[in-house]
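Student: Could you take me through one part of this model closely, namely the sheet in chain B and what surrounds it?

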Amino acid sequence: MSGSKDEKAHRAVERVARESYGRLVAYLSVHTRDLAGAEDALSEALLKALTAWPREGVPQNPEAWLLTTARHSLIDLFRHQRVVSDKEPDFLLLTRDSVETSLETNYPDERLKLLFVCAHPAIDPAMHTPLMLQTVLGLNAERIAGSFLVSPKTMGQRLSRAKTKIRDGGIRFEVPEQNQLPQRLDAVLEAIYAAFGIGWDDMAGAEQPGRGLAEEAIWLARVLLQLMPGEAEVRGLLALMLHCEARRAARRDRHGRYVPLSEQDPKLWSLTLVEEAERHLAEAAKYGRLGRFQLEAAIQSVHAERARSGRIEWTAITRFYEQLNHISPTIGGRTGYAAAIAEASGAERGLAVLDAIDQDAVPDYQPYWAVRAHLLQRLGRSPEASDAYDRAIGLAEDPAIREFLLQRRG
Amino acid sequence: MQFALLIYESREAFASRKGEGSNSYTGAWRAYHKALVESGVFVGGDPLELPETGTTIRIKEGKRGVQDGPYADTKEQLGGFTILELPSVDAALEWAARCPAASYGAVEVRPLAPETKRRIVE
């Protein structure tokens, strides 16, 4: 009997940690700017919940309980540090006894400020995504480290260095002014998309327990959309990720072999996710502010169209790539353009686009070599194709893709 | 900075070495080696013969001890090493992830110790 009560309490702790972690950390740190302190206080509260809830029952408002408890440990911490009371942040002025539950349940959602802090220009761009994953979603350093190919110790140190900078470096918890918003929002979107990209590569391997990083990224984009419903690029990013996520089941065959997008069986795509992606993309278009993520989503939308039409409109894809490379030139965009133009107008032209890419950027960019190998093979230039295949195989991390390219190389 | 990638391989991986150029073990390694060389990071390295060809020597209290095979009998054994010249450990970990052994065995990344070497060599 007590076993099931324990279990119920544990599940409640897990659920509220999952759903409210970012909101609680954001609220607890918005005035102090002390993310590490807020996180510590919240973990302490979660630990207390694990012992108190099985005994006393799950409180009516678990989130409010955690907030009150976490706040108490922050107050204790401040007192312990003998901080004079007039320097105490406003939100701590409420003493232990005057905290009212009604107030706790209506606390403002400060996650938007937190997202902007995580992707602040004063913070190393490489740390934007890890910071978000930790402070907004509550992922631990070890888990983040694995995905980012960094040792857990190093990731822990980098995270705490970034948090110290946020606390002591005068980085304000605020939503940027209108004139800075596009640029600042871009950094937030980039960070979310980076998490998705890593999760996408990760899923190649064995199924991990729990949610993958790709799903976490979609969750983050949904949170952001909820907070900024009028931003076209937020919808663009969400649409892009949903289109990719829709194809999860089609990316490998029964034997775990890699299946390229143009050969995937559209019947295996998730119609629900495709439709949701299309809705966001259509809604975004209404704002008349085209951006990088909308264009990338539009490219994926053309691919998704194959489910209905049975063919890929490569000309449409090349046009979207042209616009994409105009507003946001990247080596990935150029490589994608080369692949599309090769389908639309022949391998020669695709190869010419590849040749025009800055050669300093390509030595360890795997997709460049994969596309190059494919185009050279189509042109019957076998020795060069084999060479390019070797480069692509040598740079591949995913054993399924390595095997696929080895087969193609022959 | 120079880093060593220490390659650990399973019994099955050692067994699949024998195949000719077309097999996927050899093909993947050839491609990886080519990518390292073309990217200008390769310094040196070699595969090692199978673990059972090894002999381990230890002198304890003046007595010679000789053991067939490697030092420890574990599932994965040292199968080779590569030395790379790279700007940071992050870059070394990236190359380690691309190493074929990372997906069927394990790759340990260790910085070389030039300071220690200097003290020894001087």
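Tutor: Happy to; here is the sheet, then the helix on it, then the side facing the other chain. This is a predicted model, in which local features need pLDDT of at least 70 and side-chain atom pairs count only at pLDDT 80 or more, while totals for chains, interfaces and linings use all residues. Residues are numbered from 1 along each chain as its sequence is written, and chains are lettered from A and ligands numbered from 1 in the order in which they are written.

Chain B has an open sheet of 4 strands, in the order β2-β5-β1-β6 with antiparallel pairing. Strands are DSSP runs of E with at least two residues, helices are runs of H or I with at least four, and both are numbered from the N terminus; two strands pair if DSSP finds at least two bridges between them. At the edges sit β2 (42–47) and β6 (106–111) of chain B, each pairing on one side only. On average, neighbouring strands are turned by 20 degrees against each other, direction ignored.

Inside the sheet, β1 (residues 2–10) and β5 (residues 76–85) of chain B run antiparallel and are joined by 9 bridges. There, I7(B) has G80(B) in β5(B) as its bridge partner. Packed on the sheet is α3(B), which touches β1, β5 and β6 of chain B, and its direction makes about 160 degrees with that of β6(B). Such angles run from 0 to 180 degrees between N-to-C directions, with axes fitted to C-alpha atoms, for helices over the stretch in contact.

Now for the other chain: 16 residues of chain B are in contact with 15 residues of chain A, contact meaning C-beta atoms, placed from the backbone, within 7 Å. The elements giving two or more residues to this side of chain B are α2 (24–38) and α3 (89–98), and α2(B) supplies the largest share, 9 residues.

Notes: Two residues are in contact if their C-beta atoms, placed from the backbone, lie within 7 Å.
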